[in-house]
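Hello,

Here is the structure, sequence included. My notes follow.

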Amino acid sequence: MANGNHVIQLFEEFAPKHLAVEGDKIGLQIGTLNKPVRRVMVTLDVLESVVDEAIERDVDLIIAHHPPIFSALAQVNDRSAAGRIVMKCIRHDIAVYVAHTNLDVCQGGVNDWMSEALGLVDPTVLIPTYEEPMYKLSVFVPTTHRQAVSEALGRAGAGRLGDYEDCQFTVLGEGQFTPLEGSDPYLGQHGKTEHVEEVKIETIVTESQKKRVLKAMTDAHPYEEVAYDLIRDDIDGPVFGLGRIGRLEVPLTLAAFAEHVKTSFDVEAVRVVGDPNRIIEKVAVLGGDGNKYVSAAHFKGADAYVTGDLYFHVAHDAMALGLSVVDPGHHVESVMKQGVVDVMREKCERAKLDVELFVSEADTNPFRFY
């Protein structure tokens with residue numbers, strides 16, 4: 001059994017909070033994480049039926065994509081579904097943690113899972129929202145521990161540059177220091193200046209890697225006090241954002257592509273804007289409500305845009321731009337359920353956390369087709 005804070009710490013390594021769109025309602029919404037967690041259920045929505053399922057399955061923690069509390073609640077009582085959700089969760093000690101746009105934006109998150117489902121080739125970010133700062137890390141290491149520190153930096157993720165990883169540069173030199181009273185030096189004696197053959201290892205670190213890399217570095221380093229520099233660099237960092245745009249391996253007519261979308265997301269029907277005979281090759285996809293980004297999809301050269309909750313007048317705008325749109329509904333974001341379970345199972349296994357993760361089976365799609 002694991003502590004809830006540890007479980008969410010692992011999750012936030014995957015979908016960091018800082019990637020969320022400003023003002024988004026994310027994080028712990030109900031209950032506490034400062035407790036033992038044995039069973040974790042992943043859901044798209046937190047409806048009352050989902051909470052009832054969590055109670056029946058003895059769940060300790062729910063990880064959700066859509067916030068159950070998006071607007072302020074004037075009261076919490078059993079006269080509203082929102083009130084009953086909060087009351088049931090607290091009564092049964094079920095914590096509810098929400099990852100919304102940060103799970104959309106993160107690498108390997110909702111929009112990447114949707115791109116994979118559609119079979120898009122070479123997908124890139126559709127709407128950039130965040131460029132991660134980069135740092136140059138330089139650390140001075142005795143030559144005896146060069147390999148140990150170098151490998152620790154690589155394992156922690158340092159040195160990723162474009163399509164290359166484990167990038168490092170090493171310079172040989174001589175280090176000098178004088179241990180003072182109260183120190184516990186790895187080399188040398190108190191009051192005596194020591195000269196040691198050392199190497200300077202330089203590498204690249206992203207903002208989100210800093211803590212992890214520095215800990216790995218100091219754990220592998222033999223010195224009591226590690227000498228290092230961490231300097232902000234102008235190198236372009238990883239770009240994160242909403243939506244993805246890629247291409248189909250084999251171009252399809254819009255009519256055939258609409259069928260492909262239905263099959264890919266296992267939906268009964270889709271709404272389509274555009275000429276059914278138009279050839280579709282370049283495709284933009286954005287999970288959830290993508291009405292605001294029709295122009296962005298057109299600007300990036302998409303032949304078709306796959307998104308949910310398309311408004312009537314926005315459909316007219318897409319027609320005027322010559323952009324085809326396929327709307328499979330908001331609920332196709334449910335690909336996140338199995339995606340999160342797969343990611344977290346691997347992370348928990350690596351961290352040796354005894355946690356059972358599973359997908360919610362409750363149907364939260366409000367729409368039916370006749």
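Tyrosine 186 is partly exposed, with a relative accessible area of 42%. Tyrosine 223, at 14%, counts as buried. The cut-offs: buried is under 20% relative accessible area, exposed is over 50%, and partly exposed lies in between (1.4 Å probe, protein chains only).

This is a predicted model: local features need pLDDT of at least 70, side-chain atom pairs count only at pLDDT 80 or more, and totals for chains, interfaces and linings use all residues. Residues are numbered from 1 along each chain as its sequence is written, and side-chain values use heavy atoms, with hydrogens and water left out.

Aromatics next. The structure holds 6 aromatic pairs. Rings of Phe, Tyr and Trp (its six-membered ring) pair if their centres lie within 6.5 Å; planes under 30 degrees apart are stacked, over 60 edge-to-face, the rest tilted. Phenylalanine 11 and phenylalanine 14 pair edge-to-face, at 6.3 Å centre to centre and 70° between the planes. Both lie in helix α1 (residues 4-14), 3 residues apart. Both are buried. The ring centres of tyrosine 186 and tyrosine 223 are 6.4 Å apart with planes at 45°, so that pair is tilted. The two tyrosines are 37 residues apart and link distant parts of the chain. Phe11, Phe14, Tyr97 and Trp113 form one aromatic cluster.

One charge to note: lysine 25 lies over the face of phenylalanine 70, 5.1 Å from the ring centre. The criterion is NZ of Lys or CZ of Arg within 6 Å of the ring centre and within 35 degrees of the ring normal.

Best wishes

Conventions. Helix = DSSP H or I, 4+ residues; strand = E, 2+ residues; numbered from the N terminus.
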